[in-house]
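Visitor: Hello! I am new to this structure and would love a close look at a single part of it. Could you pick a spot and walk me through what surrounds it?

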Amino acid sequence: MIIKKELIQSIINSHKGLKKNLIAILLDIQAAYNYLPPESLRLVASRLGIPLVDAIGVATFFRAFSLTPRGKHTCLVCLGTACHVRGGPRILDEFERRLGVAAGETTKDLRFTLETIACLGCCAIGPVVVIDKEYHGHATVRKVGTILNKYQKPRRRGARTQKSRSSRSATP
Ligand code: FES
């Protein structure tokens with residue numbers, strides 16, 4: 001990915017270019033790109049005057065950071081004990097099948113990152129799936145498609161019009 005050096009510099013400037021603000025700087029870059037591009041780490045290290053290994057160390061220590069591109073939507077399937085016994089693994093299988101990725105991976109179109117979690121702290125409504133902080137309780141395999149549809153790209157208006165025209169013309 002080609003990063004915008006001016007954007008990275010403005011983020012660094014907004015944190016006064018101070019080493020002690022490294023985490024805040026990386027959080028802002030992560031928010032801008034949805035991950036930490038390697039070039040951004042090099043630039044931050046050089047502008048803050050710290051070894052690159054220190055920037056990488058922070059970026060790999062905290063779970064909030066990702067060094068690989070992430071999907072626009074993060075889909076968390078709970079596999080904690082309560083969700084597990086109520087069918088969590090089958091729900092995960094269905095997400096993997098529909099998205100074409102395994103847990104921990106991101107779809108090629110960068111739309112979804114699929115992850116698992118041990119417990120979300122709301123076992124009473126399990127099995128639970130969380131997408132972008134939106135909770136979907138009492139999830140079932142059959143609901144997976146409906147849940148995902150909420151986050152799919154809206155259809156283009158022209159495409160829908162075209163389809164309805166052709167179906168109308170096919171009607172006797
Ligand atoms: S085990 Fe899934 S919310 Fe607790």
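Guide: Happily! Let us begin at His138, a residue in the loop between β4 and α7, the helix of residues 144-149. Please keep in mind that this is a predicted model. The phi of His138 is positive, about 50 degrees, although the residue is not a glycine. That deserves a second glance, because most residues other than glycine have a negative phi. Is His138 buried or exposed? His138 has 12 other C-beta atoms within 10 Å, so the residue counts as exposed, the limit for that class being 12 or fewer.

Now step back along the chain into the sheet. Strand β4 belongs to an open sheet of four strands, ordered β2-β1-β3-β4 with mixed pairing. At its edges stand β4 (134-136) and β2 (112-117), each with a single partner strand, so one side of each is left without a neighbour in the sheet. On average, and ignoring direction, neighbouring strands here are turned by 20 degrees against each other.

Let us cross over to the other edge. Strand β2 runs parallel to β1 (residues 73-78), and six bridges join the two. As one example of how they line up, Phe112 in β2 has His73 opposite. A helix joins the picture here: α6 (residues 88-99) packs on the sheet and touches β1, β2 and β3 (129-131). The direction of α6 makes about 150 degrees with that of β1.

Strand β2 also holds Leu114, which makes a nice contrast with our starting point. Leu114 has 23 C-beta neighbours inside 10 Å and therefore counts as buried, since the class begins at 20. Setting aside neighbours within four places in sequence, the contacts of Leu114 include Cys75, Phe95, Glu96 and Leu99. Val101, Ala103 and Glu105 are also in contact with Leu114. As for Ala102, 12 residues away along the chain, its C-alpha atom is 7.2 Å from that of Leu114.

On the way from β2 to β3 there is one more thing to see. Pro127 lies in the loop between these two strands, and the peptide bond leading to Pro127 from Gly126 is cis, with omega near 0 degrees. In general, most peptide bonds are trans.

Finally, here is a residue to set beside His138. Asn34 sits in the loop between α2 (22-33) and α3. Its phi is near 70 degrees, again a positive value in a residue other than glycine. With 17 C-beta neighbours inside 10 Å, Asn34 counts as partly exposed.

Note on methods
Residues numbered from 1 in each chain as written. Predicted model: local features only at pLDDT ≥ 70, side-chain atom pairs only at ≥ 80, totals over all residues. Pairing = 2+ DSSP bridges. Axes fitted to C-alpha atoms, helices over the stretch in contact; angles between N-to-C directions. Contact = placed C-beta atoms within 7 Å.
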